[in-house]
Amino acid sequence: HGLEVLREIGRGGFSTVYLASRVPLEEAEGSTVGSPPSSPPAAPSVVAVKVVDKAGVRRAEHARELLGERDTLRRLRSSPFITRLEGTFQSARRVFFVLEYLPGGDLRGYLA
């Protein structure tokens, strides 16, 4: 599956979070028009994609925090209380966290 960004849903010091929909890989790669689908189309699912700019985490302590966040989300993947990490990947300039989308906003807004 590929991802298609729908809209921005949050912003932090070094990252931006987007709502994205999963796109079948054939669609994402530009499949031939008229070719039969390999399987019936599934309902599009949405995910949150946290995009972290590597330039912002160049200092060692920020890099450790980013790796710690990833490792914690991986360890708590089956917890019903933590958003599920579906995967991570990176480019030369950014790190991407693909997360379960939980509508309702930021927890910080509920604590204030």
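How many bridges join strand 2 to strand 3, and in which sense do the two strands run? Strand 2 and strand 3 run antiparallel and are joined by 7 bridges. The model is a predicted one, in which local features need pLDDT of at least 70, side-chain atom pairs count only at pLDDT 80 or more, and totals for chains, interfaces and linings use all residues. Residues are numbered from 1 along each chain as its sequence is written, and side-chain values use heavy atoms, with hydrogens and water left out.

**Strands**

Helices (H or I, at least four residues) and strands (E, at least two) are DSSP runs numbered from the N terminus. Two strands are taken as paired if DSSP finds at least two bridges between them. Strand 1 (residues 2-11) pairs with strand 2 in the antiparallel sense over 8 bridges. A hairpin through 3 residues connects strand 1 to strand 2. Across this pairing, glutamate 8 stands opposite tyrosine 18 in strand 2. On the pairing with strand 3, leucine 19 stands opposite alanine 48. In a regular strand the side chains alternate between the two faces of the sheet.

Serine 21 also belongs to strand 2 (residues 15-23). With a relative accessible area of 10%, serine 21 is buried; buried means under 20%, exposed over 50%, and partly exposed in between (1.4 Å probe, protein chains only). Leaving aside residues up to four places away in sequence, serine 21 touches Gly2, Leu3, Glu4, Leu6, Ser45 and Val46, where contact means heavy atoms within 4.5 Å.

**Salt bridges**

Side chains of opposite charge can pair when their charged atoms come close. A salt bridge here is a side-chain nitrogen of Lys or Arg within 4 Å of a carboxyl oxygen of Asp or Glu. The structure holds 6 salt bridges, including the three in the table.

| Basic residue | Acidic residue | N to O distance |
|---|---|---|
| Lysine 50 | Glutamate 69 | 2.8 Å |
| Arginine 84 | Glutamate 86 | 3.2 Å |
| Arginine 84 | Glutamate 100 | 3.9 Å |

Lysine 50 and glutamate 69 meet in a salt bridge. This pair links distant parts of the chain, 19 residues apart: lysine 50 is in strand 3 (residues 46-53) and glutamate 69 in helix 2 (residues 60-75). Lysine 50 is buried at 16% relative accessible area, whereas glutamate 69 is partly exposed at 28%.

Glutamate 100 and arginine 84 also meet in a salt bridge. Glutamate 100 lies in strand 5 (residues 94-100) and arginine 84 in the loop between helix 2 and strand 4 (85-90), so the pair ties together parts that are 16 residues apart in sequence. Salt bridges with shared partners join Arg22, Arg84, Glu86 and Glu100 into one network. Within this network, arginine 84 is partly exposed at 34% relative accessible area, glutamate 86 is partly exposed at 31%, and glutamate 100 is partly exposed at 24%.

**Nonpolar patch**

Leu76, Phe81 and Ile82 form a nonpolar patch on the surface, with about 310 Å² of accessible area together. Patches are made of residues with over 30% relative accessible area and no salt bridge, like charges being joined within 9 Å and nonpolar side chains (Val, Leu, Ile, Met, Phe, Trp, Tyr) within 5 Å. Accessible areas come from the Shrake-Rupley method with a 1.4 Å probe; for residues, only the protein chains shown count as cover. Isoleucine 82 sits in the loop between helix 2 and strand 4 and is partly exposed, with a relative accessible area of 31%.
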